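Here are some notes to read beside the structure, set out as numbered points. Please keep the view open while going through them.

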Amino acid sequence: MPRESRIFYGWYIVAAVCFITTITSGLAFYNLSVLLKAFVVERGFPVSLTSAATATFFIAGGFAGVVAGRLVDKFDPRAVIVVSAALGAVCLFSVGYLYSTWQLFLFHAAFGAAYGGTGLVSLTTIVTRWFNVKRALALSVAFTGLSLGGIFIAPFVALSIERGGLAGTGPWMAAVFFLGIAPVTWLALRGSPVQYGLEPDGGARAADGAPQVPVPSVTYAEAKRSGFFYAVSIAYLFLLGAQVGAIAHLFRLANVRDGSRTAALSLAFLAAASITGRLTGGWLLLRVKPRTFALVLMAVEGCSLFLLAFAGDRFAILACVVMFGLTIGNSLMMHPILLADRFGTLEYGRIYSMSQFVTMVGVAGGPAAIGVLYDWSAGYTIPFLVMAAATLIGLLVLMFGTRK
């Protein structure tokens, strides 16, 4: 049980989530791009086939997220995360033994389910419950780990695979995934401040027993009848589909156009820009309306993907990567923030998980679409132009679908 201290316990949870997301992003989210290249080069799978397998990762993650959303609303979310971490470790250990097509798809499906249980639905729900006024700032700090994993873990995975292959890299990835998530989850995370007589943001209740800052209290049944819910979900279907598709192929795009050094730098620059953008965004959201900020991010992402379609040398590629990276963490953060601001935390796990499930159609389709378009056009120009157009569609849906 959290003890009274000068520091609100919610900030300890933020630190723990930051550490956990460093592990999950480094060995799952950013690692997908590295694994895609390894499966193509080392095992000889076609780019389109491997991209389709990557899509199953996100489909399975979407289904697992829906289940996780229901479970964390009813039970201790720590159990969901720990069991999922164990499954993810088994999956990563198996990459050294993966040679056939069915094994490739099974790996991505099982690993996607593990990521869905250890990922955004469970962790975002916990942080959202602990903060109200400073929710954007708390989420921006907590999910800085999503970028740190790209800086401190994914490049080393790429180097390890290059030197020792998938068989030599799998065991240590598995160990880091489980040991980096399970102990921290069980020792540091707590489901809700109410369970311990605390209030979000560390505030006290007013004399009438109500929180000092009133918050929405909308059920899932009410939320799913709202046009706002569908507008946000569909907008992020297009936005995150384009974003994840670009991330999954970014390492290979840079490698094809300017070599392995630029490819490795692109991951580091992407993650560093994401950290800068996310922390700046958390501060700006104390002053700017979430909807306005989300629309600006979509516009910037669309421009960056358009420019990446034509970037050919190291300077141009890295400049576009930085521009793209500034939007990544913030865009991912804005999806749950928009929902929490409108619907509150009463049944937030179900609301966010179902909205995220809708976005999984785009997230799963993004990498596969780029792979198919790459094989068809023999390059990355057309695929990234299509992703830029998808981002623009998302912007228009959010702009016109969330007007009051």
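1. Is aspartate 73 buried, partly exposed or exposed? Bear in mind while answering that this is a predicted model, and that a residue is called buried under 20% relative accessible area and exposed over 50%, with partly exposed in between. Aspartate 73 has a relative accessible area of 26% and is therefore partly exposed.

2. The partner of aspartate 73 deserves a look as well, since aspartate 73 forms a salt bridge with arginine 129, in which the closest N and O atoms are 3.2 Å apart. Aspartate 73 belongs to helix α3 and arginine 129 to helix α6, so this pair ties together parts that lie 56 residues apart in sequence. Arginine 129, with a relative accessible area of 14%, is buried, whereas aspartate 73 is partly exposed.

3. How many salt bridges does a search of the whole structure find? The search finds 5, and another of them joins aspartate 258 to arginine 314, with the closest N and O atoms 3.7 Å apart. Because aspartate 258 sits in helix α11 and arginine 314 in helix α14, the pair ties together parts that are 56 residues apart in sequence. Aspartate 258 is partly exposed at a relative accessible area of 29%, and arginine 314 also counts as partly exposed, at 32%.

4. A further salt bridge is formed where the side chains of arginine 78 and aspartate 76 meet, at 2.8 Å from N to O. Arginine 78 is buried, its relative accessible area being 15%, while aspartate 76 counts as partly exposed at 30% relative accessibility.

5. On the surface, Val67, Leu71 and Phe75 form a nonpolar patch, and together they have about 280 Å² of accessible area. Leucine 71 has its place in helix α3, which covers residues 47-74, and with a relative accessible area of 31% leucine 71 is partly exposed.

6. Turning to the interior spaces, the count comes to 3 cavities of 30 Å³ or more, and the largest cavity has a volume of about 250 Å³. Its lining is made up of 21 residues, among which Phe58, Tyr115, Leu120, Gln356 and Met360 lie nearest the centre of the largest cavity.

7. Which helices supply at least two residues each to the lining of the largest cavity? They are α3, α5 (101-118), α6 (120-130), α11 (227-258), α14 (314-343) and α15 (348-377). By class, this lining has 12 nonpolar and 9 polar residues, and no charged ones.

8. Alanine 182 lies in helix α9, which runs over residues 154-188, and counts as buried at 8% relative accessibility. Alanine 182 and serine 84 are 98 residues apart in sequence, yet they are 9.1 Å apart in space when taken from C-alpha to C-alpha.

9. Finally, alanine 378 should be checked in the view, for it has a positive phi of about 60 degrees although it is not a glycine. Alanine 378 is found in the loop between α15 and α16 (381-401), and with a relative accessible area of 67% alanine 378 is exposed.

How values were computed. Residues are numbered from 1 along each chain as its sequence is written. This is a predicted model: local features need pLDDT of at least 70, side-chain atom pairs count only at pLDDT 80 or more; totals for chains, interfaces and linings use all residues. Side-chain values use heavy atoms; hydrogens and water are left out. Patches are made of residues with over 30% relative accessible area and no salt bridge: like charges are joined within 9 Å, nonpolar side chains (Val, Leu, Ile, Met, Phe, Trp, Tyr) within 5 Å. Accessible areas come from the Shrake-Rupley method with a 1.4 Å probe; for residues, only the protein chains shown count as cover. A salt bridge is a side-chain nitrogen of Lys or Arg within 4 Å of a carboxyl oxygen of Asp or Glu. Helices (H or I, at least four residues) and strands (E, at least two) are DSSP runs, numbered from the N terminus. Buried means under 20% relative accessible area, exposed over 50%, partly exposed in between (1.4 Å probe, protein chains only). On a 1 Å grid over the protein atoms alone, a cavity is a set of points where a 1.4 Å probe fits but cannot get out, and a pocket is an open set with protein on both sides within 12 Å along at least five of seven lines; lining residues have an atom within 4 Å of a point. Grid points are joined across faces, edges and corners, and a volume is the space filled by probe spheres set on the points. Ala, Val, Leu, Ile, Met, Phe, Trp, Tyr, Cys and Pro count as nonpolar, Asp, Glu, Lys and Arg as charged, and the others, Gly among them, as polar.
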